[in-house]
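The following note sets out some points on helix packing, cysteines and one loop residue for your consideration. Please read it alongside the sequence and the model.

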Amino acid sequence: MTDLRRLFDDLVGLEIAVWDAVDGRLRRECGLPLGQFMPMRVMAGTPGCRVLDVSVQLRITVGAASKVVDRVEAAGRCVRQPNPEDRRSSLLVLTPAGVAALAAADVVFERELARLLGGVLSPAGLARFAGTLGKVRAAL
């Protein structure tokens with residue numbers, strides 16, 4: 001039987017190591033922390049994006065999502081616009097500076113992931129690993 005505690009330690013350790021490496025590279029090369037890059041990706045990929053969408057997609061609380069959106073907005077990378085369908089919420093839209101920052105950071109993000117994971121696993125192994133993680137995550 002698999003040692004589930006060891007699996008947990010490996011998963012959490014992997015997440016922290018990958019997060020730290022990608023965050024460091026994004027900060028150095030783009031001046032954009034991973035904690036802002038991730039919600040910006042949600043905004044870019046979600047038509048009519050709201051704070052709730054950021055919360056759901058990143059699996060964080062609405063309060064945490066609101067705070068990170070505040071940081072992205074303060075950096076001039078997004079704006080909140082009135083939601084014509086619901087006056088209680090705002091729509092999140094990347095500014096031109098946010099679009100440019102996201103495009104540049106996305107290239108760095110992909111390169112760092114390729115360096116970290118692509119150098120360890122073959123393309124087939126990476127596909128299996130991604131499939132397994134996706135299946136487990138979907139089940140949770």
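1. The crossing of helices α3 and α4 is right-handed. In this predicted model, α3 covers residues 51–58 and α4 covers residues 62–74. Their axes come within 8 Å and cross at roughly 115°, which makes α3 roughly perpendicular to α4.

2. The contact between these two helices can be described residue by residue. From α3, the participants are Val51, Leu52, Val54 and Ser55; from α4, they are Val62, Ala65, Ser66 and Val69. By class, the residues of this contact comprise six nonpolar and two polar, with no charged residue.

3. A second helix pair deserves comment. Helix α1 (residues 4–30) and helix α5 (residues 96–118) have axes that come within 9 Å and cross at roughly 140°. The arrangement of α1 is therefore oblique to α5, since only angles over 145 degrees count as roughly antiparallel. The crossing of α1 and α5 is right-handed.

4. Which residues bring α1 and α5 into contact? On the α1 side they are Val18, Ala21, Val22, Arg25, Leu26, Glu29 and Cys30. On the α5 side they are Ala104, Ala105, Val108, Phe109, Arg111, Glu112, Leu113, Leu116 and Leu117. This contact divides into 12 nonpolar and four charged residues, with no polar residue.

5. How many disulfides does the structure hold? The number is zero. Cys30, which takes part in the contact of α1 with α5, is in no disulfide, and the nearest cysteine sulfur, that of Cys78, is 17 Å away. Cys30 counts as partly exposed because its relative accessibility is 23%, and the partly exposed class begins at 20%.

6. Cys49 should be considered separately. Its closest cysteine sulfur is also in Cys78, at 8.9 Å, which is too far for a bond, because a disulfide requires the two sulfur atoms to be within 2.5 Å. With a relative accessibility of 1%, Cys49 counts as buried.

7. The last point concerns Ser89. This residue lies in the loop between strands β1 (78–82) and β2 (90–94). Is Ser89 buried or exposed? Its relative accessibility is 19%, so Ser89 counts as buried, the cut-off being under 20%. Leaving aside residues up to four places away in sequence, Ser89 touches Arg50 and Asn83.

Key
Residues are numbered from 1 along each chain as its sequence is written. This is a predicted model: local features need pLDDT of at least 70, side-chain atom pairs count only at pLDDT 80 or more; totals for chains, interfaces and linings use all residues. Side-chain values use heavy atoms; hydrogens and water are left out. Axes are lines fitted to C-alpha atoms, for helices over the stretch in contact, and angles run from 0 to 180 degrees between N-to-C directions. Helices (H or I, at least four residues) and strands (E, at least two) are DSSP runs, numbered from the N terminus. Angles under 35 degrees count as roughly parallel, over 145 as roughly antiparallel, 65 to 115 as roughly perpendicular and the rest as oblique. A crossing is left-handed if the near helix is turned anticlockwise from the far one by less than a right angle, and right-handed if clockwise. Contact means heavy atoms within 4.5 Å. Ala, Val, Leu, Ile, Met, Phe, Trp, Tyr, Cys and Pro count as nonpolar, Asp, Glu, Lys and Arg as charged, and the others, Gly among them, as polar. Buried means under 20% relative accessible area, exposed over 50%, partly exposed in between (1.4 Å probe, protein chains only).
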